[in-house]
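Colleague: I'd like a close look at one part of this model rather than a tour of everything. Could you pick a strand and walk me through its surroundings?

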Amino acid sequence: MSIDTFNNVNRCISRKALSEFEMRVVFQMSTNDSASLCDDPKASTLGLHRALLYNEQEGYLETFRPYALPGNDWLEEVAGKLVTEAQLKKSV
């Protein structure tokens, strides 16, 4: 399940139902929303391209990068494949 704001969480899921979601991924949000969603205001200090994995069962928060730019090797490989595909289409 994915919900974009904490207010929408409150509209869709009761507090009791929210407790059934043992693991949550949160991005930057207000201090109050962070404390409500993962019992810690830490999500308010996150910058761009950072998220928190909250594990309620084990009681920990882990900061991580949910995505990163692909490496140059991968970009070159994909660019080569696109050029080859374009050349094949022209020859047909």
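Modeller: Let's settle one term before we start: a residue counts as buried when its relative accessible area is under 20%, as exposed when that area is over 50%, and as partly exposed in between. Keep in mind, too, that this is a predicted model.

The part I'd pick is strand β2, which covers residues 51-55. To place it, the chain has four helices and three strands, and reading from the N terminus the order is α-α-β-α-β-β-α. The radius of gyration is 20 Å, well over the 12 Å that the globule rule gives for 92 residues, so the chain is more spread out than a compact globule. The C-alpha trace spans about 60 × 25 × 25 Å along its principal axes. Buried residues make up 18% of the 92 residues in the chain.

Now zoom in on β2 itself. Five of its five residues are buried. In a regular strand, side chains alternate between the two faces of the sheet. Here both faces of β2 are covered: Ala-51, Leu-53 and Asn-55 are buried on one side, and Leu-52 and Tyr-54 are buried on the other.

What does β2 pair with? One partner is strand β1 (residues 23-26), which pairs with β2 in the antiparallel sense over four bridges. Within that pairing, Val-25 has Leu-53 of β2 as its bridge partner. There is also strand β3 (residues 60-64), which runs antiparallel to β2 and is joined to it by five bridges. If you want a spot to click on there, Ala-51 stands opposite Phe-64 in β3.

The link between β2 and β3 is worth a look as well. The two strands form a hairpin with four residues between them, and Gly-59 in the turn has a positive phi of about 70°.

On the other side of β2 in sequence, have a look at Leu-48, which sits in the loop between α3 (31-38) and β2. Is Leu-48 buried or exposed? Its relative accessible area is 71%, so Leu-48 is exposed, whereas the β2 residues, Leu-52 and Leu-53 among them, are buried. Leu-48 also has a sequence-distant residue to check: Gln-28 is 20 residues away in sequence, yet the two C-alpha atoms are 7.7 Å apart in space.

So that's the picture around β2: a strand with both faces covered, bridged to β1 and to β3, with an exposed leucine, Leu-48, in the loop that comes before it.

Definitions and conventions:
Residues are numbered from 1 along each chain as its sequence is written. This is a predicted model: local features need pLDDT of at least 70, side-chain atom pairs count only at pLDDT 80 or more; totals for chains, interfaces and linings use all residues. Side-chain values use heavy atoms; hydrogens and water are left out. The radius of gyration is taken over C-alpha atoms; the globule rule is 2.2 Å times the number of residues to the power 0.38. Buried means under 20% relative accessible area, exposed over 50%, partly exposed in between (1.4 Å probe, protein chains only). Two strands pair if DSSP finds at least two bridges between them.
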